[in-house]
Amino acid sequence: MRIVLVGGTGRIGTRVAAKLVGHDVVVAARSTGVDSASGAGLRDALRGAEVVVDVTRPPISDGAPADAFFRRSTANLLREGRNAGARHHVALTIVGTRRHTDIPYYAAKAMQERLIRGSGTPYTLVHATQFFEFVGEVADAATAGGSVRLPRALVQPMAAGDVADALVRTILATPANDDIEIAGPERFHLDDFVRRALVARNDSRLVLADPRARYFGGRIGMRTLLPGRRAAMSATRFDTLLAELRTSAVTTINPLPEEL
């Protein structure tokens, strides 16, 4: 099966590519000469594609630039996928985009999803909860004056490797022509989730629960970031990530000799 991973050099794309052993996998990204937003290199990259997988992220995640990126990129991918005869368009998106568009980036993703649903191309939209590995970006976006201020919302985060596993299953299956949700096995308050991760990596920033705080520019409620009842649950627990973060923090301070 010829599978084109667009955005395939990123956090999820690299993991998906590594798991698709035995298939003809094309990794398409700006670093490989393919720009989905401008269309540069896209026709050649998608030639003969049976499945097109969109795991792209815009260079700028603010509302208007993200909206413009997904509008151009998705239209190009759908057009060139049809021209190539692709039989399945798979896109990674976020839990909650159809219910909560107060977050500018979620609104941009919701627009992308509408384009795919209305395209006539067989598709599956995979909505994932926050990645464990995304916790640093959450903290950075919420940092002001040396402290991290977050709403006390609930989250059900999952490991990037589990996201990749779910995508691989979707890629190798027939199109659902529907949205599916995937999530981690545990729930946390957002501030607790971030606080524990920062402590594990020796990050001294103070994490505070603040009911007035925004999440990536949007107001959210207690359950805004949670999946629905039909979501598929992954296996990796948060303690696994915490152990990895502690190990990483130690090796950063006391690096191994280069020859090892």
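**A chat about strands, pockets and a helix**

Q: Hi! Where do we start: how do β5 and β9 pair?
A: Strand β5 (residues 123–128) pairs with β9 in the parallel sense, over five bridges. Keep in mind that this is a predicted model.

Q: Good to know. Which residue in β9 stands opposite H127?
A: That is E181.

Q: What joins β9 to β12?
A: Two bridges join β9 to strand β12, which covers residues 232–233, and these strands run parallel. One pairing to look for is I182, which stands opposite A232 in β12.

Q: What holds paired strands together, in general?
A: Strands of a sheet pair through backbone hydrogen bonds, and the pairing is either parallel or antiparallel.

Q: OK, new topic. In what order do the strands of the open sheet with β7 come?
A: The order is β6-β7-β11, so three strands form this open sheet, and the pairing in it is mixed.

Q: Why is one side of β6 and of β11 left without a neighbour in the sheet?
A: Because β6 (143–144) and β11 (206–209) stand at the edges, each with a single partner strand.

Q: And over how many bridges do β7 and β11 pair?
A: Four bridges, in the parallel sense, with β7 made up of residues 147–150. To find one of the partners, look at L150 in β7: its bridge partner in β11 is A209.

Q: Which helix lies across β7 and β11?
A: Helix α7 does, and it runs at about 175° to β11.

Q: Which residues of α7 are buried?
A: In this helix (residues 190–200), the buried ones are L190, D191, F193, V194, A197, L198 and A200.

Q: Is there a general rule about which residues of a helix point the same way? What is it?
A: An α-helix has 3.6 residues a turn, so residues three or four places apart point the same way.

Q: What follows α7?
A: N202 follows the helix, and its phi is positive, near 60°. N202 has that positive phi although it is not a glycine. Its place is in the loop between α7 and β11.

Q: Is N202 buried or exposed?
A: N202 counts as exposed, because its relative accessibility is 53% and the cut-off for exposed is over 50%.

Q: Which other residue that isn't glycine has a positive phi, near 50°?
A: F216 has a phi near 50°. You'll find F216 in the loop between β11 and β12. With 33% relative accessibility, F216 counts as partly exposed.

Q: Let's switch to the hollow spaces. How much space lies in the largest pocket?
A: About 840 Å³ lies in the largest pocket. Its lining has 37 residues, and those nearest the centre are V55, T56, R57, Y105 and F131.

Q: Which helices and strands supply at least two residues each to that lining?
A: α3, β4 and α4 (104–117) do. The largest share comes from α4, with four residues.

Q: How do the lining residues of the largest pocket divide by type?
A: There are 18 nonpolar, twelve polar and seven charged residues in the lining of the largest pocket.

Q: And what about the second largest pocket, how much space is in there?
A: About 300 Å³. The second largest pocket is lined by 13 residues, and D178, D179, I180, E181 and R230 lie nearest its centre. E181 is also the residue that H127 stands opposite.

Q: Which strand gives the largest share of that lining?
A: Strand β9 (residues 178–183) does, with four residues. By type, the lining of the second largest pocket divides into four nonpolar, three polar and six charged residues.

Q: Last topic: how many cavities of 30 Å³ or more are there?
A: The count comes to one. The largest cavity has a volume of about 30 Å³.

Q: Which residues line the largest cavity?
A: They are V52, L77, L78, G81, R82, A86, H88, H89 and T121. Divided by type, the lining of this cavity has four nonpolar, four polar and one charged.

Q: Which element gives the most to the lining of the largest cavity?
A: α3 gives the most, with four residues. Both α3 (63–84) and β4 (88–94) supply at least two residues of the lining. These elements, α3 and β4, also each supply at least two residues to the lining of the largest pocket.

Conventions:
Residues numbered from 1 in each chain as written. Predicted model: local features only at pLDDT ≥ 70, side-chain atom pairs only at ≥ 80, totals over all residues. Heavy atoms only, no water. 1 Å grid on protein atoms, 1.4 Å probe; cavity = no way out; pocket = protein on both sides within 12 Å on 5 of 7 lines; lining within 4 Å. Points joined across faces, edges and corners; volume = space filled by probe spheres on them. Nonpolar A, V, L, I, M, F, W, Y, C, P; charged D, E, K, R; others polar. Buried < 20%, exposed > 50% of the residue type's maximum accessible area, 1.4 Å probe, protein only. Pairing = 2+ DSSP bridges. Contact = heavy atoms within 4.5 Å. Axes fitted to C-alpha atoms, helices over the stretch in contact; angles between N-to-C directions.
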